[in-house]
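Biologist: I would like to learn how to read the helices and sheets of a model, one feature at a time. Could you take me through it slowly?

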Amino acid sequence: MAENEDPIEEDNDIVNQSKSDDIVHHGHRDGNEVLPVSGLYENWFLEYASYVILERAVPNLYDGLKPVQRRILHVMKEMDDGRFNKVANIIGSAMQYHPHGDAAIGEAIVNMGQKDLMIETQGNWGDIRTGDRAAAARYIEARLSKFALEVTFNEETTVWQISYDGRKREPVTLPVKFPLILAQGVEGIAVGLATKIMPHNFIELCEASIDILKGKRPNILPDFLTGGMADFTNYNEGRRGGKIRCRAKIESADGKKVLIKEIPFGTTTESIIDSILKANDNGKIKIKKVIDNTAKDVEIEVQLAPGVSTDMTIDALYAFTDCEISISPNACVIVEDKPLFLGVNEMLKTSTDNTLNLLKIELENELGHLEDKWHFSSLEKLFIENKIYRNIEECETWEEILQTIDKKLKPFKKLLRREVTMEDIARLPEIRIKRISKFDASKADEYIKGLEGGIDEVKNHLEHLTDFAIEYFKNLIKKYGKGRERKTEIRLFDKIETNAVAVANEKLYANYVEGFVGYGLKKDTYICDCSDIDDVIAFRKNGTYIVSKVTDKSFMGKDLLYVDVYRKNDERKVYNVAYYDGKSGASYIKRFNVLGVIRDKEYNLTMETAGSKVLYFSANNNSEAEKIGIHLSNMASAKVKYIEYDFTNLEIKGRTSKGNTLTKHPIRKVELKEKGKSTFKGRDIWYDSDIGRINVDGRGQYLGNFTSEDKILTILSDGSYKLTDNELTNHYENNDLVLIQKFHEKQPVNCIHFDVSSKNYYAKRFLIETLTLGKKFIFINERPSSKLILASTHDNPEVEIKTITSKGEKLTEVLKLADFIEVKGWKAMGNKVTYDTFKSAKLLSEKVGIITKEEIEVKPSENTNEVIADELDGQKILF
């Protein structure tokens, strides 16, 4: 059921009434008019659809509430005495206004309470992260939050209407001075209409409203209580057709397990675990066990099967489980009793303008109240100071009393700001004798002066209404913004190729003679392991080839020459071929890739002439180029009957290329003469910090040209290093990354670190000696308070060290680390940087490392990074 949507069954009374009318009237409305039943149904259905849209499923733009939510808040305001109320009592009171049963009201209260904005809760209200339901309404309690009391209610600015039974009055909309619809988000399904508005960040909404008031255009993005990561590239301001990709936050732990720390919006830990187990059962991923350690924070521990890569598993979790989901927003709201589809930025603009108008009305009302108080206080002062009350002692009638007071006030009326009405005069005789006897003119003057100050202040706010509204939103951030910082990390996601990360859960077999391929042919030739979502490429002896989806058994043509799993856009995979052309009688040789094809379409590597055939074929995963020997036929006219050819002399071209002429003479046999080496010159790789991945598309920081043997060095903020291969599936956590580059064995790492055991700062230089891929090696003290200050791989980095002597003298020294210390082992402590109090360090070399990011105040300058020291154990420490 959609969020806060009342069960459709609750409206059976409307439908049943329609049926009843049908039976009674039999199409007759009166004695003269005859209406067909279909017409009646059409009208009633439209009325019903309109009712559901306006009164149940879709929120109003101005207060951001559905009717059930509005009635709940109204009831809670009526019941508010500062103490918690049983939710069961709130539900009972709300039923006076909401005619759809207690279940819908209870569900709506719980939903609002879990959002932790308008309702303050007490008791077990469930958990949106785990999917646990709230306790029964009689066991949980609620009251309006201070925020709700401040921004939602105002008797004077509320438009009222009569409740459904005519006994009570209820608000048409509440005067909410905040973009509540965007802060809470909403989902509802009506008749032929649906709405789905994402929740947004409290602080960002206030800041965006301030920008609107300053004339700037906002661009707000959703923020979810469950945290996680989200790619809003195609958000489209929340309109129909938009799309959000949400991912869980997954960390690699000790190479044997991964930890899910935050989950996507709309999922629960239970649904995540179920999807992981389902993917494992379907053979998409390989895991040993899943453990839910969720308590205060989410933690799902996924233990991997032996030999399974954590990086591949993380990608597979995103590809095959609910660790990544797609959300399609559909922002629809009620404006002037009509549903409209609007973008969230437009909603925010309208909400901000509405807040500005409400603030204006409140200020005008406040000004009117202050002027009324000033007016009557001044009248009261004149009435008592001039002892007008004595003149009414002899009056016998009420009219005579009023006339006497009016006559005596006439000389003083020019001192007042507005006319004196009979209602004003009628209040004066009601002043008690005790008040008159204790009247203090100086206090009255002081009170009136205070009112005048308040009047001037309100008038100033009205004259500078926009500035007042800006301060209003700033005050909301100050009072209620703590703990409401953004929880969902905004990221750009790369596209995960499911074929590349799927676990090989099947074995591929082929019958080369009969032409059958599949994982069910267990008696035929084994090809390789594959997954059930892979594609298979098959080359035939006549030069044709085809790509098909792997199945249990499929026919791919007789006389197969080569069968393998097909990887789209694999530039490293190169086919070396010699073939005979049936038309010309010549033989050709070529090297080509098969980067992209249409599945189940037949292609030809020859010139498609009758009688063509493949003479030699090899498939090379790393573009190897071998040397072959060609034996010409004894009938050939050539004097030399044997020639050799080296495939390194050929360029790699497209699959449709003709190739080079090998010989015009008939060939008896082609044989492998010498295995080849890779002709792949390497590929340029970049690191994209936005997604924490490497790529070959030129995005981000250039790392260099890599062959398959080259490694990547990463230095992490915890004082460790790790080597990885250059597979594009690798993950790098950008928040923990200090340095990433191509690894060179003879290039030393230079660093400065704080050792908590000795409470000193050390410089060290070392070579990477442990070449195990994927394993972290900590090169500083492993105690938690030890810190890596900076790191660089420059040949001789210059570091500016600032210290303070015991006499308070500030010193600056430049260290050339290569001159200061020799290269030592990676476990060595290093040389002490200073005996004075350490203040800061700054790299001066042209090539600098990246400073760690843990709670530091950074002062950037060109080509350098300088940070201010923090306090630890009485010493200054640079983070």
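Modeller: We will go from the overall dimensions to helix pairs and then to sheets, bearing in mind throughout that this is a predicted model.

Biologist: Let me begin with the whole chain. How many helices and strands are there in the protein, and what radius of gyration does the protein have beside that of a compact globule of 879 residues?

Modeller: The secondary structure of the protein comprises 18 helices and 52 strands. As for the radius of gyration, the protein has 40 Å, whereas a compact globule of 879 residues would have a value near 29 Å. The C-alpha trace can also be described along its principal axes, where it spans about 150 × 105 × 45 Å.

Biologist: Turning to helix pairs, at what angle do the axes of helix H3 and helix H4 cross?

Modeller: For a pair of helices one reads the approach of the axes together with the angle between them, and angles of 65 to 115 degrees count as roughly perpendicular. Helix H3, residues 67-79, and helix H4, residues 87-94, have axes that come within 9 Å and cross at roughly 115°, and H3 and H4 are therefore roughly perpendicular to each other. The crossing of H3 and H4 is right-handed. On the H3 side the contact is made by Val-75, Met-76 and Met-79, and on the H4 side by Asn-89, Ile-90, Ser-93 and Ala-94. Sorted by class, the contact of H3 with H4 has 5 nonpolar and 2 polar residues, with no charged residues.

Biologist: Which residues of H3 make the contact with H5?

Modeller: Val-68, Gln-69, Ile-72 and Leu-73 of H3 are in contact with Ala-104, Ile-105, Ala-108, Ile-109 and Met-112 of H5. Helix H5 covers residues 102-114, and the axes of H3 and H5 come within 10 Å while crossing at roughly 80°, so H3 and H5 are roughly perpendicular to each other. The contact of H3 with H5 has 8 nonpolar residues, 1 polar residue and no charged ones.

Biologist: And how do helix H8 and helix H16 pack, in terms of angle and axes?

Modeller: Helix H8 (residues 202-213) and helix H16 (residues 465-480) pack at an angle of about 170°, and their axes are 9 Å apart. That angle makes H8 roughly antiparallel to H16. Among the residues that meet are Phe-202, Cys-206 and Leu-213 in H8 and Ala-469, Phe-473 and Tyr-480 in H16. By class, this contact of H8 with H16 has 11 nonpolar, 2 polar and 2 charged residues.

Biologist: Now for sheets: what is the order of the strands in the open sheet of 3 strands, and which are its edge strands?

Modeller: To read a sheet, one follows the pairing from strand to strand. In this open sheet the order is S1-S3-S2, and the pairing is antiparallel; S1 and S2 are the edge strands, each pairing on one side only. Strand S1, residues 85-86, is joined to strand S3, residues 141-144, by 2 bridges, and Asn-85 has Ala-142 in S3 as its bridge partner. Strand S2, residues 119-122, pairs with S3 over 4 bridges in the antiparallel sense. Ile-119 has Leu-144 in S3 as its bridge partner, and Thr-121 stands opposite Ala-142 in S3. Helix H3 returns here, since H3 lies across S1, S2 and S3 and runs at about 90° to S3.

Biologist: What is the pairing in the open sheet of 4 strands, and in what order do they come?

Modeller: The order is S14-S9-S8-S17, and the pairing is mixed. Strand S14 (324-327) and strand S17 (489-490) stand at the edges with a single partner strand each, so one side of each is left without a neighbour in the sheet. Within that sheet, strand S8 (residues 229-231) and strand S9 (residues 244-247) run antiparallel and are joined by 3 bridges, and Met-229 has Arg-247 in S9 as its bridge partner.

Biologist: Finally, how many residues lie between S15 and S16 in their hairpin?

Modeller: There are 2 residues between S15 and S16 in the hairpin, and Glu-336 in the turn has a positive phi of about 55°. Strand S15, residues 332-335, and strand S16, residues 338-341, run antiparallel with 4 bridges joining them, and Val-333 stands opposite Leu-340 in S16.

Definitions and conventions
Residues are numbered from 1 along each chain as its sequence is written. This is a predicted model: local features need pLDDT of at least 70, side-chain atom pairs count only at pLDDT 80 or more; totals for chains, interfaces and linings use all residues. Side-chain values use heavy atoms; hydrogens and water are left out. Two strands pair if DSSP finds at least two bridges between them. Axes are lines fitted to C-alpha atoms, for helices over the stretch in contact, and angles run from 0 to 180 degrees between N-to-C directions. Angles under 35 degrees count as roughly parallel, over 145 as roughly antiparallel, 65 to 115 as roughly perpendicular and the rest as oblique. A crossing is left-handed if the near helix is turned anticlockwise from the far one by less than a right angle, and right-handed if clockwise. Contact means heavy atoms within 4.5 Å. Ala, Val, Leu, Ile, Met, Phe, Trp, Tyr, Cys and Pro count as nonpolar, Asp, Glu, Lys and Arg as charged, and the others, Gly among them, as polar. The radius of gyration is taken over C-alpha atoms; the globule rule is 2.2 Å times the number of residues to the power 0.38.
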